[in-house]
Amino acid sequence: MTAAANARDLLDRLGVSAHVWADGGLPTRSPIDGSSAGSLAQASPADVDTALTQASSAFAAWRRVPAPRRGELVRLLGEELRAAKADLAMLVTLEAGKIVSEGLGEVQEMIDICDFATGLSRQLHGLTMPSERPGHHMRETWQPLGPVGVISAFNFPVAVWAWNAALALVCGDPVIWKPSEKTPLTALATQAVFDRAVACFGPDAPPHLSQVLIGGREIGERLAADPRLPLVSATGSTRMGRAVAQSVASRLGRSLLELGGNNAMIVTPSADMDMAVRAIAFSAVGTCGQRCTSLRRLLVHADIADSLTARLTQAYATLPIGDPRQPETLVGPLIDADATTAFEASLSQAVAQGGTILKGGTRVAREGGHYVTPAIVRMPAGASGQTDVVRHETFAPILYVLTWTEFDEAVALQNDVPQGLSSCVFTDSVREAEAFLSAWGSDCGIANVNIGPSGAEIGGAFGGEKDTGGGRESGSDAWKAYMRRQTQTVNFSSQLPLAQGVRFDV
Ligand code: NAD
């Protein structure tokens with residue numbers, strides 16, 4: 001069965017209306033075999049304007065609904081996602097090319113964040129602080145912020161919406177979603193799932209709490225520029241993030257940026273090599289190297305570099321590459337022809353910059369899809385091996401191997417790239433592990449010990465520094481980005497003392 005036919009069946013099952021299709025609209029295409037399920041109606045500038053007006057009206061009503069009740073809607077969303085998990089996950093596989101277990105994992109992540117946000121809806125805690133004035137109370141309260149724009153990338157086509165929407169909804173904010181133009185079908189299916197949760201929730205939910213706008217970057221540009229969105233959460237390339245950040249900042253809005261990574265693993269001589277090899281394979285090759293947290297730089301002590309790369313080339317030789325719907329497949333396709341071109345161009349640059357391809361780097365012929373063999377490239381030793389191409393994020397399965405001799409040198413190499421998303425060290429030494437996690441250790445938003453850089457849990461705050469954009473989503477106190485902080489002071493005395501003892505008697 002073509003991927004497109006498979007997708008049409010799933011869309012029917014997931015309850016996506018037939019009205020979404022339109023001749024001459026946004027073409028859809030599966031990376032598995034290049035088949036197209038059809039073209040989708042795209043949002044016009046007037047549609048974007050209407051959606052923004054509707055979101056503002058929804059906000060006026062939703063912010064009055066008590067937060068724990070808002071949490072009930074998100075709990076129901078989690079229930080609907082559980083019911084739709086297999087179908088939505090398969091649609092992720094068909095549209096983004098993820099293997100089946102990664103598609104299921106992505107929907108599980110949506111369910112997990114719904115559970116988290118439901119609990120959070122009773123814990124949007126403020127603070128009280130002692131007032132310096134007698135008969136006064138002072139406190140800090142978190143209030144709903146307003147409609148949130150969500151711009152998402154192709155490689156986590158549904159989870160990124162859920163990370164944002166689950167928190168935004170319990171915080172009292174409606175959501176307008178501009179999914180990647182490469183993965184619009186999963187967005188429409190997610191919206192259908194959300195609509196079912198709203199139907200179960202009942203009349204407390206105003207219309208248009210969540211809306212999807214199908215189309216290209218110009219819709220994202222409109223959202224970034226519109227003051228009706230106090231927060232724009234944007235996930236994608238650093239190039240996109242710079243454009244969005246400038247546009248949002250020019251109207252003094254808030255942006256939450258989740259951008260590119262260039263993630264490294266430091267492997268020391270004391271590391272458990274069996275664990276390291278498994279962690280490297282999953283994080284460098286999983287999702288065909290198309291995760292923001294994919295492992296791209298392997299920083300190995302010079303004494304163990306040859307033995308480790310020998311084990312890796314052996315492991316890479318047996319990787320099952322092909323249709324991600326097949327249960328045995330571990331490496332699916334790249335998203336499109338441009339990604340394959342970028343993969344090959346980066347490999348040529350790496351060779352020109354002194355690298356040697358140890359494994360992979362070739363195309364795998366399969367009708368309609370863009371399949372490649374994941375590559376391992378040995379670069380010159382030390383800092384000179386961290387060339388321009390290594391410092392750049394290529395969104396494809398290329399693992400650059402660099403060597404070092406002193407641990408401090410390894411940490412310096414790890415930090416000496418423009419991006420700052422995820423990082424890790426494999427070591428049995430407490431000194432090395434703790435140094436890596438110290439103030440002079442990894443400069444990334446995520447730092448792991450004896451765990452690869454990808455596959456984060458939702459309970460922690462997710463995001464990174466430098467060119468990764470500085471945003472934090474998902475767990476911990478990331479919810480605060482979706483609310484406005486208000487300092488409230490109440491005078492319950494019959495005097496009017498001024499702060500700092502100022503006197504102003506009239
Ligand atoms: P992309 O930047 O090409 O597109 C992402 C989204 O931004 C799309 O919806 C696109 O239409 C929109 N867009 C593009 N230009 C825009 C502009 N000027 N204004 C407004 N919107 C615009 O990214 P992609 O190829 O879909 O995804 C891959 C990239 O995303 C990688 O760099 C990856 O590291 C990054 N990513 C980061 C995270 C994270 O959490 N840090 C997660 C997933 C992906």
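Across the protein, the mean pLDDT is 98, and 100% of the residues reach 70 or more. The model is predicted, and the predictor assigns the complex an ipTM of 0.98 and a pTM of 0.98. Within the protein, confidence is lowest in helix α1, residues 3-14, where the mean is 95. The highest value, 99, is found in strand β5, which comprises residues 148-151.

An unreviewed UniProt entry lists residues 26-487 under "domain: Aldehyde dehydrogenase". In the model this span is 40% helix and 19% strand. The C-alpha atoms at the two ends of residues 26-487 are 46 Å apart.

The ligand is surrounded by 28 residues. Of these, Ser-152, Lys-178, Glu-181, Ser-237 and Glu-393 are the closest. By class, the shell consists of 12 nonpolar, nine polar and seven charged residues. Helices α7 (217-225) and α8 (238-250) each contribute at least two residues to the shell. The largest contribution comes from α8, which supplies four residues.

Both domain 1 (3-34 + 43-259 + 469-487) and domain 2 (263-449) give residues to the shell, and the ligand therefore lies between the two domains.

Several polar contacts involve oxygen atoms of the ligand. A polar side-chain atom of Lys-178 is placed 2.7 Å from a ligand oxygen atom. For Ser-152, the contact is made through the backbone, with an N or O atom lying 2.8 Å from an oxygen atom of the ligand. The backbone of Gly-236 also takes part, one of its polar atoms being 3.4 Å from a ligand oxygen atom. On its own, the ligand has 860 Å² of accessible area, and the protein covers 93% of this area.

Terms used:
Residues are numbered from 1 along each chain as its sequence is written. This is a predicted model: local features need pLDDT of at least 70, side-chain atom pairs count only at pLDDT 80 or more; totals for chains, interfaces and linings use all residues. Side-chain values use heavy atoms; hydrogens and water are left out. A residue is near a molecule or strand if one of its heavy atoms lies within 4 Å of it. A polar contact is a pair of N or O atoms within 3.5 Å; within protein, one must be able to donate a hydrogen and the other to accept it, and residues adjacent in sequence count only if both atoms are side-chain atoms. Accessible areas come from the Shrake-Rupley method with a 1.4 Å probe; for residues, only the protein chains shown count as cover. Ala, Val, Leu, Ile, Met, Phe, Trp, Tyr, Cys and Pro count as nonpolar, Asp, Glu, Lys and Arg as charged, and the others, Gly among them, as polar. Domain bounds come from an automatic or database domain assignment. pLDDT is the predictor's confidence in each residue, from 0 to 100. UniProt positions are given in the numbering used here, feature names are shortened, and annotations may be inferred rather than shown by experiment.
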